[in-house]
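I opened the file to work through the fold piece by piece and to keep a record of what I looked up. These entries follow the order in which I went.

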Amino acid sequence: MAKKIVELSTKRKVELKEMSIDDVDFCQDLTILKNDEDGNPYVMGISRSRTAWLRRGILGGDFKGFKKDAKGLVEDKVLKQLNETEKNELVSEIQEYQNLGE
């Protein structure tokens, strides 16, 4: 896949990473649909899944002190620079980018 840079509504530019199938599966599997005692469905792991997509799907961008940890995942100090709107926009962009075929 070609390099992709997206511009969020806040004008922050973020470079997206092409993720491995294993990383995509990991992120998708973190969200779990369950039922309560009355059979009403609810979702668990939404925040954990969103963070996993961000850690694995960001390659760089307009961040102060952008760094990855020893495992190649984006550090907390980078993710903390994103507001809630940016996180939600970015997760959608990352997921869409992973679904593009050659």
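**Entry 1: contacts of L54**

I began with L54 and listed its contacts beyond four places in sequence, and I found that it touches V74, L79, L82, K87, L90, V91 and I94. I note here that the model is a predicted one, and I read every value below with that in mind.

**Entry 2: the nonpolar core**

I then asked which residues of the largest nonpolar core touch the most other members. Of its 21 residues, these are V14, L54, I58, L90 and I94. I traced where the members come from, and β2, α1 (21–29), α2, α3 (76–79) and α4 each supply at least two of them. The largest share, 4 residues, comes from α4.

**Entry 3: the three-stranded sheet**

Next I looked at the strands, and I found an open sheet of 3 strands in the order β1-β2-β5 with antiparallel pairing. The edge strands are β1 and β5 (58–61), each of which pairs on one side only. From one strand to the next, the twist averages 30°.

Within this sheet I checked the pairing of β1 (residues 4–7) with β2 (residues 13–16), which is antiparallel and runs over 4 bridges. E7 has K13 in β2 as its bridge partner, and V6 stands opposite V14 in β2.

I also followed the hairpin that β1 and β2 make, with 5 residues between the strands. K11 lies in the loop between them, and its phi is near 80°, a positive value in a residue other than glycine. I wanted to know whether K11 is buried or exposed. Its relative accessible area is 59%, over the 50% cut-off, so K11 counts as exposed.

**Entry 4: the second hairpin**

I turned to β3 (residues 32–35) and β4 (residues 41–44), which run antiparallel and are joined by 4 bridges. The bridge partner of I32 is M44 in β4. This hairpin has 5 residues between its strands, and in the turn G39 has a positive phi of about 90°.

**Entry 5: helices against the sheet**

I then looked up how the helices lie on the sheet. Helix α2 (residues 46–57) lies across β2 and β5 and runs at about 65° to β5. Helix α4 (residues 84–99) lies across β1, β2 and β5, running at about 30° to β2.

**Entry 6: F26 on helix α1**

For α1 I picked F26, which is found in that helix. I recorded F26 as partly exposed, at 38% relative accessible area. Setting aside neighbours within four places in sequence, F26 is in contact with A52 and R56. I also noted that the C-alpha atoms of F26 and S49 are separated by 8.6 Å, although the two residues are 23 apart along the chain.

**Entry 7: R50 and its salt bridges**

I counted the salt bridges and found that the structure holds 7. I gave most attention to R50, which lies in helix α2. How accessible is R50, a charged residue in my list? Its relative accessibility is 18%, so R50 counts as buried. Leaving out neighbours within four places in sequence, R50 is in contact with E84, K87, N88 and V91.

The salt bridge between E84 and R50 has its closest N and O atoms 2.9 Å apart. Because E84 lies in helix α4 and R50 in helix α2, this pair ties together parts that are 34 residues apart in sequence. E84 itself is partly exposed, at 46% relative accessible area. I also noted that R50, E84 and K87 are linked in a network of salt bridges.

**Entry 8: two further salt bridges**

I looked up K4 and E93, which form a salt bridge with the closest N and O atoms 3.9 Å apart. This pair links distant parts of the chain, with K4 in strand β1 and E93 in helix α4, 89 residues apart. Both ends are partly exposed, K4 at a relative accessible area of 22% and E93 at 26%.

My last check was D76 and R55, whose side chains meet in a salt bridge at 2.3 Å, N to O. D76 is in helix α3 and R55 in helix α2, 21 residues apart, so I entered them as another link between distant parts of the chain. The relative accessible area of D76 is 41%, which makes D76 partly exposed.

How values were computed:
Residues are numbered from 1 along each chain as its sequence is written. This is a predicted model: local features need pLDDT of at least 70, side-chain atom pairs count only at pLDDT 80 or more; totals for chains, interfaces and linings use all residues. Side-chain values use heavy atoms; hydrogens and water are left out. Two strands pair if DSSP finds at least two bridges between them. Helices (H or I, at least four residues) and strands (E, at least two) are DSSP runs, numbered from the N terminus. Axes are lines fitted to C-alpha atoms, for helices over the stretch in contact, and angles run from 0 to 180 degrees between N-to-C directions. Contact means heavy atoms within 4.5 Å. Buried means under 20% relative accessible area, exposed over 50%, partly exposed in between (1.4 Å probe, protein chains only). A nonpolar core is a set of buried Ala, Val, Leu, Ile, Met, Phe, Trp, Tyr and Cys residues joined through side-chain atoms within 4.5 Å. A salt bridge is a side-chain nitrogen of Lys or Arg within 4 Å of a carboxyl oxygen of Asp or Glu.
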